[in-house]
Amino acid sequence: SETAARSDIPGFGRAKSCILLFPYGSPPQHETFDPKPEAPVEIRGEMGAIPTAAPGISICDHLPRVAQVMDRVTVVRSVTHPYPLHCVCYSASGIPDYDVSLETRPRDVRQWPFLGSVVGYARETQGRSGQGPGVPADMPNNIGLPWLLNSKSDIVPLAGPYAAFLGQHYDPFWPTYSGVGTRVGPKLADAQVKSVLDPYAGCAPEGRFVLSDSGSPADAPTPDRLNQRRRLLDQFDDVRRGLDLDSRLGTYDRHRQKAWSLLTSDRLRGALDLAREPATVRERYGMTLFGQSCLAARRLVEAGCPFITVFWDAYEIFADCAWDTHANHFPDRKST
């Protein structure tokens, strides 16, 4: 069988971690990985095609570095779906019966779990049973970057990266990016008046990822105050001992233990601290929000997180998110 044949491949199925790169809105395939260089110009558009390290495969001429590693990339050109939406929850969960109304209902009971949530659930379950490595106590089971999807645009967060019936404990953990853009992003249309300093177009080295954008370092409790809060919680635990507790309190305890671990450990903060990387490495990844998010994802893998998703999200103007051009298409694509 195909499965048996695959089991003979050294290391197959033994991946310890995964980084999912998700360009929200979907890049045009004929202007990225399927440029159709022999097609008429009205199909090819303004982008050119270049050969790659994989014989017989050409890609867009705006992707020269990707072309150098195409012999290590699998190109799938047959995936499609019938829904005229971004379909994050459809493409990232595998839900078989999709209703377009689900796109605006993150907590609808019909939703299926996000892929990263499934991986996080499986890793935690294996760890508790002793059948797998689990997830470090001071590391989330899956992380989304650079912030809660759609939360920095002019709409409410849409569906997709949530744990659904697995429970909110398995939602991605969302750090947030704190920093400003250094370049004005391309306009959605010539009639657009507002200019946006878009961090996806360029960001400063001072930009950083923080665990939360609520509060400031000055508001953070001191170690003594944090320990006082912990002792108070311990007193509540003493009172609860011997009571008839239901499973919901067990879930609460897991949340509390995870929160305490994140607060008192440097593992997550250290992984998100890009200042610990040489400037040359940061520049190699690109001084844009997507490039720096990819660098943070690599560091999170090294710190033990099993699943990290990097979204190229909308910023300020939702309809002008990087991979969703409704107008001004070619100037926008050429500047990305």
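Buried means under 20% relative accessible area, exposed means over 50%, and partly exposed lies in between, with a 1.4 Å probe and protein chains only. By that rule Asp108 is buried, at 16% relative accessibility.

This is a predicted model, in which local features need pLDDT of at least 70 and side-chain atom pairs count only at pLDDT 80 or more, while totals for chains, interfaces and linings use all residues. Residues are numbered from 1 along each chain as its sequence is written, and side-chain values use heavy atoms, leaving out hydrogens and water.

**Salt bridges**

Side chains of opposite charge can pair when their charged atoms come close. A salt bridge here is a side-chain nitrogen of Lys or Arg within 4 Å of a carboxyl oxygen of Asp or Glu. The structure holds 14 of them. The table lists some, with the N to O distance.

| Lys or Arg | Asp | N to O distance |
|---|---|---|
| Lys36 | Asp34 | 3.1 Å |
| Arg110 | Asp108 | 3.0 Å |
| Arg276 | Asp273 | 3.2 Å |

Salt bridges that share partners join Asp99, Arg105, Asp108 and Arg110 into one network.

How accessible are these partners? Lys36 is partly exposed, at 38%. Its partner Asp34 is buried, at 17%. Arg110 is partly exposed, with a relative accessible area of 36%, and it meets the buried Asp108. In the third pair, Asp273 is partly exposed at 28%. Arg276 is partly exposed too, at 48%.

Where does Asp273 sit? Asp273 lies in the loop between helix H8 (267–272) and helix H9 (279–285). Helices (H or I, at least four residues) and strands (E, at least two) are DSSP runs, numbered from the N terminus. Asp273 and Ala296 are 23 residues apart in sequence. In space, their C-alpha atoms are 7.9 Å apart.

**Aromatic rings**

Rings of Phe, Tyr and Trp (its six-membered ring) pair if their centres lie within 6.5 Å; planes under 30 degrees apart count as stacked, over 60 as edge-to-face, and the rest as tilted. How many aromatic pairs does this rule give? The count comes to 13.

One of these pairs is formed by Tyr24 and Phe318. Their ring centres are 6.0 Å apart, and the planes meet at 65°. That makes the pair edge-to-face. The pair links distant parts of the chain, with the two positions 294 residues apart in sequence. Tyr24 is in the loop between strand S1 (18–23) and helix H2 (41–44). Phe318 is in the loop between strand S7 (307–312) and helix H11 (329–335). Are these two residues buried or exposed? Tyr24 is buried, at 0% relative accessibility. Phe318 is buried as well, at 15%.

There is also an aromatic cluster. Trp147, Tyr200, Phe290, Trp312 and Tyr315 form it together.

**Around Ile317**

Ile317 is found in the loop between S7 and H11. Ile317 counts as buried because its relative accessibility is 17%. Which residues does Ile317 touch, leaving aside its neighbours within four places in sequence? Ile317 is in contact (heavy atoms within 4.5 Å) with Asp154, Gln192, Lys194 and Val196. Lys194 is 123 residues away from Ile317 in sequence. Their C-alpha atoms are 9.3 Å apart in space.
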